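Please open the model in your viewer and keep the selection tool at hand. The tour below moves from one selection to the next and says what is found at each stop.

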Amino acid sequence: MKTDIEIAQSAKMLPIAEVAEKLHLSEENLEFYGKYKAKISEDAYKKCEENKDGRLILVTAINPTPAGEGKTTTTVGLGQAMPKIGKNAVIALREPSLGPVMGIKGGAAGGGYAQVVPMEDINLHFTGDMHAITAANNLLSAAIDNHIHQGNALSIDQRRIVWKRCLDMNDRALRQVVVGLGGKVNGFPREDGFMITVASEIMAILCLADGLEDLKRRIGWIVCAYNLEGNPVTAKDLKVDGAMTLLLKDAMKPNLVQTLENTPCLMHGGPFANIAHGCNSLRATKLGLKLADYCITEAGFGSDLGAEKFFDIKCRFGGLKPDCVVLVATVRALKYNGGIAKADLGAENLTALAAGIENLKAHIENMKKYKVPVVVAINRFGTDTETELAYVEEFCRELQVPVSLCEVFAKGGEGGVDLARTVVEVIDKNGSSAFEPIYDAERPIKEKIAIIAKEIYGAEGVNFTAQAEREIKQLTAFGFDKLPVCMAKTQYSLSDDPALLGRPAGFTITVREVRVSAGAGFVVALTGAVMTMPGLPKEPAANKMDICTDGTITGLF
């Protein structure tokens, strides 16, 4: 089989204006970035605002493993399959970050014959959204240090500056730095650090803002430091909220691309799924619902992180009512959760599968708590045996959950036809969405954390460090206690310990730090060591990338 990039390079793409026509958009609604990608202009929202909303499908997964799950591939494949059963669909995805692309992950636009194209552009600079977010983030950083240098009228406490600089690249050397060295002319020396761009609160704000006015308001709310009296200092206090917003005026517009089979795809935003909510932009999702009968989107990592935040944060803010959850699992990943080493996953092992499938059961049960019907998609690998596949299918049937064998990686949309039919049947049978968030945002911070930990992770309880207790008390005093909670936790386990695979029991969650992302509109509870600036692996993906004299890119994925 060809590599992903070879498949993508041989794709027969339509001019993006023709893709837009499938969504009843004209050239006047587009801002072109070459032949095959465009931004959707503001007037498109007015054109379709009276349209009835389509049905919203969330694709999520079991806890990610080194064996791979193929969540984005399944999302794209499902989108390609919908037209084959006569349904009008649009996909809404996140944009890849350059750091993981050049680091451990490689390309991030699906795989095999279920990809979004132009793959090279999407995985590299795309339409410049990441650079705009980086610039807006770092303008605030520059403003903080300049304000202190110019006399510090706001009495900013240099020991309590909580805003970091950012860069859209994995660079561990920048996690902790000292700035302002070199004498009086360079300002005051202080400790600082960098995050990767997708971890910036600017990214989370962009993906939750309802428009330019809301974007500016949210940027103004950003708490970037505290003053000597312990009170918050905001971006609006520093008078850069307007300038930060204008840097993002084009980045606010969703990007339109296509799949290998020319299904429209809105690709916009990409917040870190640990420190933020891990979903594409609310604007793109809401637009997709107006433009097609089915809008298919995904959330980062497993359902315990991505789907929980999609439901409790994104859907809460956007008034979204999901109609179906597609839960992606693989035989390989389930056996890994059953304790089998990655090198041995190719051999049939029903004992390991039986142990690891408890992870799938936990995710199914969790999704049902939101009163949204669940369909399990088994993403088939070549090493899966018929006996193993039958075991997973029977397990799902015993739980009275529809299950579909998905082969979109090898067969494209044709390999997802059964999944598409199953999803449509489930939505039609279920009728209108009965979705409800799992907690009331008015509850105290500690209660909201406890509900997530017990109901979604399966924890027996929550421990709060002394630091976390102090921070919760302070945030409550400032009035931030009524915000939803964004849990920062390892993606590899239902617990906060990445080594606890399957369905761990008898554990407690430890919250070590609590901070506010006031502009995004949520409180972040950190468990374990969550990395906001990844490092490059021993052999980065960048080592295998190259470009030929004719401009052909190789090794991207």
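Begin with the second largest pocket of this predicted model, which holds about 1200 Å³ of space. To find its centre, select Ile-161, Val-162, Lys-164, Glu-513 and Arg-515, which lie nearest to that point among the 39 residues of the lining.

Next, colour the elements that each give two or more residues to this lining: the strands are strand 7 (156-161), strand 10 (190-192), strand 11 (194-196), strand 12 (223-227), strand 22 (508-517) and strand 23 (522-527), and the helices are helix 8 (201-208) and helix 19 (466-477). If you then keep strand 22 alone in view, you have the element with the largest share of the lining of the second largest pocket, namely six residues.

Now recolour the lining by residue class, and the second largest pocket shows 20 nonpolar residues alongside 12 charged and seven polar ones.

Leave the pocket and turn to the cysteines, where the count of disulfides comes to zero. Select Cys-315 and Cys-279 together: the sulfur of Cys-279 is the nearest cysteine sulfur to Cys-315, yet it is 7.8 Å away, and Cys-315 is in no disulfide. With a relative accessible area of 2%, Cys-315 is buried.

As a last stop, select Cys-396 with Cys-324, whose sulfur is the nearest cysteine sulfur to Cys-396 at 13 Å; Cys-396, too, is in no disulfide. Cys-396 counts as buried, since its relative accessibility is 0%, and the cut-off for that class is under 20%.

Terms used. Residues are numbered from 1 along each chain as its sequence is written. This is a predicted model: local features need pLDDT of at least 70, side-chain atom pairs count only at pLDDT 80 or more; totals for chains, interfaces and linings use all residues. Side-chain values use heavy atoms; hydrogens and water are left out. On a 1 Å grid over the protein atoms alone, a cavity is a set of points where a 1.4 Å probe fits but cannot get out, and a pocket is an open set with protein on both sides within 12 Å along at least five of seven lines; lining residues have an atom within 4 Å of a point. Grid points are joined across faces, edges and corners, and a volume is the space filled by probe spheres set on the points. Helices (H or I, at least four residues) and strands (E, at least two) are DSSP runs, numbered from the N terminus. Ala, Val, Leu, Ile, Met, Phe, Trp, Tyr, Cys and Pro count as nonpolar, Asp, Glu, Lys and Arg as charged, and the others, Gly among them, as polar. A disulfide is a pair of cysteine sulfur atoms within 2.5 Å. Buried means under 20% relative accessible area, exposed over 50%, partly exposed in between (1.4 Å probe, protein chains only).
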